[in-house]
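Please open the model in your viewer and keep the sequence panel beside it. The tour below moves from one selection to the next and says what is there at each stop.

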Amino acid sequence: MLDHAELMRRQQVLADFGDLAIRSEDLDEVLTEACRLVGEALGTGRAKVLEIQEGRQELFVRAGVGWAPDVVGTVRLPMSERSSETYANKAAEPVISQDIAAEERFDIPDFMKKAGVVALVNVPIFVPGKRPYGVLQVDATEPRRFGDDHIQFLRTYANILGPVIDRLHLLKERTEVRERLRSSEERHRLLVESWAQAVWETDADGLVVADSPSWRAYTGQTLDEWLGYGWLNAIHPDDRAYAERQWRAAVAHSSLVNAEFRLRAPDGGWRWTNFRAAPVLDAEGRIEKWAGMNIDIEARRQAEAALRESEDRYRTLFESMDEGYLLGEVLFDDDGTTSDIRFLQANSAAIRIAGRDFTGQRMREIDPDYEQYWYDVYARVALTGEPLRAEHYAKPHGRWFDFQLSKVGAPQSRYVACIFEDITERKDGERALRESEQALASDLASAERLRSLSERLVPEESLQSIYDEILSATLAIARADAGTVQIYDPATKSLKLIASRHFSRTITDYFHRVDASSRTACGVALKTGECAFADFSEEVADLGCQLLAGEGIQSAVAYPLMSRTGTPLGMLNAHWRQARHRPNERELRFLGLLARQAADLIEQWRSQSALRGSEERQRALIEGVPQLVWRASEPGQWTWASPQWTELTGQREEDSRGWGWLEQLHPDDRAAAREAWAHATDAEALEIDYRICAHGAGSYRWFQTRAMPLRNDKGAIVEGLGTSTDVHDLRELQERQRVLVAELQHRTRNLMGVVRSMADKTARASADLPDFRDRFRNRLEALSRAQGLLSRLNDHDRVTFDELIETELAAMGSPADRVRLHGPKGVRLRSSTVQTLAMALHELATNAVKYGALGQANGQLAVTWRLIPEEGARQPRLSIDWRENGVDMASSKAQSRGAGQGRELIEKALPYQLSAKTSYELGPDGVHCTISIPISATSDQGFDHA
């Protein structure tokens, strides 16, 4: 039986430890002081706390007194079956060894034997939730018998120590959660500010009630103009009704908004914007408000429009070609050999020459008895990038074809463009190859990636079991009959019941909110921050007091739950069914300790909820943007990648960490990416373009990557945050524009060559400078007229022969009564034919005006033409007959027409350049000239078999 002095000494030990546990936030300090106090209380001067290591089957000497320095913080003991410490934890009861020399149940560690320990007692320590933490062990170096009073004291001590340890662990976790929350919010802010035009919020009904400085700064609206539905006035009038319909429909159905329209820009003009919004839900799943943003997409819209215009120009160019144009993709087997060719595009000339359209088909489907030669040719061009020209005799057609193959696209592409024409007619004469349009090839395929935005709600974790543990400890310490825990609501200044023990359903159902006014014990406690006592026999006016009185409760202690900054968080109550019962000072001290722990739990719960909400908003934001988003700890060392990265590349997020993301870059771009990261500085953001493998498409696409540093509150860089934006279509557009400019330059050089040759020949044939000027000017005007007719290529049309002859004779001022034109209308000429043929007709017409039928009063001119098919040829020839009559050939001027630049052009240049057949004769009454040239056959041109 303990004497009074010993009992008081042990109670003083418990009280002193309670004071320290409330003040200190250092776990090692608390455990060391606990060992010192219990060692003194039991008179051994030696004690220690052994902690179970997480995930490891061993005990660690975490704290202790009376031991050598190489024991505490160093010694680890295996949790074996022969360990008294292990047995105490598993059995959840103290273990006593009165004499370790005679101990047969357990093995005693050698370091304890060497220290002279002869007796010991182990008491298990449990944290709330009955989770084992370790053991409190008291050691004696002198013979000692530990009785029941010692065991009960140590059990009480261990029961107090467990919640203290848990509180300090929770405090550490709460600090870490706060830091993660701050870092998460900072990343969220940087991400939004880096690419959003405006960020805004509305109420649950979709009505703007709060200011948005970013919206007003961008659109120039005032606050009054922005509120309500005034924001619609900042939208382009043509888009306003559409934007309003989209918004009202989303609010009515509680769905996401993703619309595009034109918004007033800071410069006073209009810019396209991507309008996005999503509902924000409260804990019960109701819409609390709407959060939205605007993203500038003007550059993307302009690029799309430019791309469509460019594709239209290319389509017109390809359709105007006399040669057939094919775009094919080379397919390979796993071993790298060519397996097939798939045709993607063909122009009308290719369909006409081949006799069918096989776009979308493979060569095996077109010709099962294919020749390996063609697969090898296509593969060579695709792999090396070197153009190839070949002449091939097609047995099924019995025709010769001229093929010119060129690679299209980036170095890694497998696309090959083929330009071909039927050269059967010119095989014998080896006519000159046309140079214009022979190298034009481009990939017109484009793809639109679709993205979807998904949201999910993460339910908040319940703390009911933890509150039940706190209530159990409260009722045991205060020897109370019932208890409650409430959360304080600052909006209504009331307390919401979240946990109760030992009450009927009346309290659970109706005691939902407790008045927190100053006339109740709860109100007094919250106002003063100190515990308050209530006698319900005197305070029965309050509804909460009436309900408690109905449960038989006559007195209570209300202990406030306050945050570290002094903000009310809730209330911890102990109730008695005995009138005027008050806890003693020791009980109040322990109630304060429990209240502090409960307050820490509430703060941690709120911090975790805020962190989850912030992370969910950030996740929804990141997964909704069209860019790839990632984070890096060191330059280039990724720690995380958004789902868009996996969707695009097929690479798992964990495989992209570190430098793993480089595997998805084109091999030619990896060194440049590493170099860019190596030279990136803290003062400016990283910016670089490289190609990323698009897993689904099986090809690479260009992306522009930008990264910026993320700093902590001290300005130090803690990580990098970056995005990668798809710019592949924009780069292809720029490449196509470059090809068009090169073709224009090529045509210009050809035209300049014609002009230079024309000037040289005119100079040789001219008598003097005035004569040269007149001759050259006339020929230059003829060339200009031909170029004017050729400029109509964009109208999907060609120059016809009747247009060409009528234009030339009209320019000469030929009298209509002395000129007869006869021949089929609409005979279309090749683009390369028009320029040379026009110069020949000009020379004939000029000589006729000066010396012949158009220059003499009795002269007559007849120009007739017809289409004549050739045997074995698929293309007809145009036969032109120029015949003058009534010309006085006796004059010296008429006789001088026997030679000159015009005759040289007709008899030498036309056969060489156009594969023409010509004749030129000076008859007794005028010139007779015939010209026969090949043209393309069309369905609306009839053949003259005469």
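Begin by colouring this predicted model by confidence: the pLDDT averages 77 over the protein, and 78% of the residues score at least 70. Then select residues 428-461, where the pLDDT is below 50 although the stretch has 80 contacts in the model beyond near neighbours in sequence. A further selection, residues 939-946, also has pLDDT below 50, with 17 contacts in the model beyond near neighbours in sequence. Where pLDDT is low, the predicted coordinates should not be read in detail.

**The six-stranded sheet**

Next, show the strands β1 to β6, and ask in which order they lie in their open sheet. Reading across, the order is β3-β2-β1-β6-β5-β4, and the pairing is antiparallel. At the edges you will find β3, residues 76-78, and β4, residues 95-97, each of which pairs on one side only. If you look along the sheet, the twist from one strand to the next averages 25 degrees.

Within this sheet, select β5 (residues 119-127) together with β6 (residues 131-140), two strands that run antiparallel and are joined by nine bridges. To see how they line up, pick L120 and look across to D139 in β6, which stands opposite.

Now add helix α2, residues 27-42, which packs on the sheet and touches β1 (47-52), β2 (58-65) and β6, its direction making about 70 degrees with that of β2. Helix α3, residues 84-91, also packs on the sheet, and its contacts are with β1, β2, β4, β5 and β6. The direction of α3 makes about 40 degrees with that of β5.

**The four-stranded sheet**

Move on along the sequence to an open sheet of four strands, whose order is β7-β10-β9-β8 and whose pairing is antiparallel. Its edge strands are β7 (198-202) and β8, each pairing on one side only. Neighbouring strands here are turned by 25 degrees against each other on average, with direction ignored.

Select β7 with β10 (residues 287-296), and you will have an antiparallel pair joined by five bridges; in this pair, T202 stands opposite W290 in β10. Helix α8, residues 237-253, packs on the sheet and touches β7, β8, β9 and β10, while its direction makes about 150 degrees with that of β8.

Then turn to β8 (residues 257-264) and β9 (residues 270-281), which run antiparallel and are joined by eight bridges, with V257 standing opposite A277 in β9. Which residue in the hairpin of β8 and β9 takes a positive phi? Zoom in on the five residues between the strands, and there G268 has a positive phi near 95 degrees.

**A pair of helices**

For the last stop, select helix α22 (residues 801-811) and helix α23 (residues 831-850), whose axes come within 10 Å and cross at roughly 40 degrees. The two helices are therefore oblique to each other, and α22 passes α23 in a right-handed crossing.

To view what lies between them, show the side chains of F801, L804, I805, E808 and L809 in α22, which meet V834, L837, A838, L841, H842 and A845 in α23. Colouring this contact by class gives nine nonpolar residues, one polar and one charged.

Definitions and conventions:
Residues are numbered from 1 along each chain as its sequence is written. Side-chain values use heavy atoms; hydrogens and water are left out. Axes are lines fitted to C-alpha atoms, for helices over the stretch in contact, and angles run from 0 to 180 degrees between N-to-C directions. Angles under 35 degrees count as roughly parallel, over 145 as roughly antiparallel, 65 to 115 as roughly perpendicular and the rest as oblique. A crossing is left-handed if the near helix is turned anticlockwise from the far one by less than a right angle, and right-handed if clockwise. Contact means heavy atoms within 4.5 Å. Ala, Val, Leu, Ile, Met, Phe, Trp, Tyr, Cys and Pro count as nonpolar, Asp, Glu, Lys and Arg as charged, and the others, Gly among them, as polar. Two strands pair if DSSP finds at least two bridges between them. pLDDT is the predictor's confidence in each residue, from 0 to 100.
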